[in-house]
Amino acid sequence: MANAKVLAKKQEAVSQLQEKISAAKVLIISDYRKVNVKEMTALRRKLVKEKSELKIVKNTLLKRALAACGYTGLDQHLSGPTAVLFGYEDPIVPLKLLVEYVEEIEKGELRGGLVEGIVVDQKEIAALSKLPPKEILIAKVIGGFKSPLYGLVNVLQGNIRKLVYALNAIREKKS
C-alpha cells in the first residue's frame with residue numbers, strides 16, 4: 001500500500017515535470033552544491049519576474065520526464081544534486097540571470113540543458129548568455145533592413161531633384 005502511494009507520487013512528479021519541460025523555452029540543468037537557502041531564494045525571486053522558475057529535482061524523475069518528452073543527450077548532465085531552470089517566455093533572459101548569479105556568488109555549476117528544444121552544453125550556455133536581449137536583436141535586424149531602404153530613397157530622390165533642376169533651368173531660359 002505504501003509502495004503504491006510512493007509510486008503514484010513519483011508518477012505525478014514526472015507528469016508535472018513533463019508539463020514544465022513542454023512549456024519551457026529554456027531548461028538549464030545546474031548543480032547547486034554550496035548554494036545556501038538565502039542565495040537560492042534571491043535567485044528564485046529574480047527568475048519569477050522573468051516568468052521562470054528554479055526547481056530542485058531528482059535525477060531519475062527528470063530523466064524519465066525528458067525521455068517521455070523525447071529529449072535525449074542530457075543524461076550525462078544528471079548526476080549529483082540537480083536544480084533545473086525553466087524559462088517560459090524569453091529563453092535568453094533567465095539563462096543570463098542564472099549565469100550571472102552563478103558567477104556572482106561563485107557557487108554552483110551549469111551543466112547543460114535545452115534552448116528552444118536544442119541540447120546545449122556549458123560552452124553554448126556561456127555564449128548564449130552573452131547575447132543581447134531579444135528586443136535589441138530585433139531592433140538591430142530592423143535597422144539593418146531600414147538602412148538600405150533609406151539609401152534607395154536618397155538615390156531615387158537625387159534623380160528627381162536633377163529633373164526638377166533641369167526643368168527649372170529650361171523654364172528660366174524660356175522666360
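Here are four short exercises on a predicted model, each with a worked solution.

**Exercise 1: Confidence**

Task: Find which element of the protein chain has the lowest mean pLDDT and which has the highest.

Solution:
- Start with the whole chain: its mean pLDDT is 84, and 99% of its residues reach 70 or more.
- Now go to the elements. Helix H6, residues 134-174, has the lowest mean pLDDT, at 80.
- Strand S2, residues 52-57, has the highest, at 90.

**Exercise 2: Strand S1 and its partners**

Task: Work out how many residues of strand S1 are buried, and on which faces. Then find how S1 pairs with S3 and with S4.

Solution:
- Locate S1 at residues 26-31; six of its six residues are buried.
- Sort these residues by face. Val 26, Ile 28 and Ser 30 lie on one side, while Leu 27, Ile 29 and Asp 31 lie on the other.
- This split fits a general pattern: in a regular strand, side chains alternate between the two faces of the sheet.
- Next, look at the pairing. S1 joins strand S3 (residues 82-87) in the antiparallel sense over five bridges, and strand S4 (residues 109-115) in the antiparallel sense over six bridges.
- Ser 30 illustrates both pairings: Ala 83 stands opposite Ser 30 in S3, and Leu 110 is the bridge partner of Ser 30 in S4.

**Exercise 3: Asp 31**

Task: Name the salt-bridge partners of Asp 31 and decide whether Asp 31 is buried or exposed.

Solution:
- Asp 31 has a relative accessibility of 9%, so this residue counts as buried, the cut-off being under 20%.
- One partner is Arg 33, with the closest N and O atoms 2.8 Å apart. Arg 33 is partly exposed because its relative accessibility is 46%.
- Another partner is Arg 111, where the closest N and O atoms are 3.6 Å apart. This pair links distant parts of the chain: Asp 31 is in S1 and Arg 111 is in S4, 80 residues apart.
- Arg 111 counts as buried, because its relative accessibility is 8%.

**Exercise 4: A salt-bridge network**

Task: Find which residues are linked with Glu 53 in a network of salt bridges.

Solution:
- Begin with one pair: the side chains of Glu 53 and Lys 55 meet in a salt bridge at 3.6 Å, N to O.
- Check each residue's exposure. Glu 53 has a relative accessible area of 19% and is therefore buried, whereas Lys 55, at 33%, is partly exposed.
- Add Lys 20, and the network is Lys 20, Glu 53 and Lys 55.
- For the wider setting, the structure holds four salt bridges.

Definitions and conventions
Residues are numbered from 1 along each chain as its sequence is written. Side-chain values use heavy atoms; hydrogens and water are left out. pLDDT is the predictor's confidence in each residue, from 0 to 100. Helices (H or I, at least four residues) and strands (E, at least two) are DSSP runs, numbered from the N terminus. Buried means under 20% relative accessible area, exposed over 50%, partly exposed in between (1.4 Å probe, protein chains only). Two strands pair if DSSP finds at least two bridges between them.
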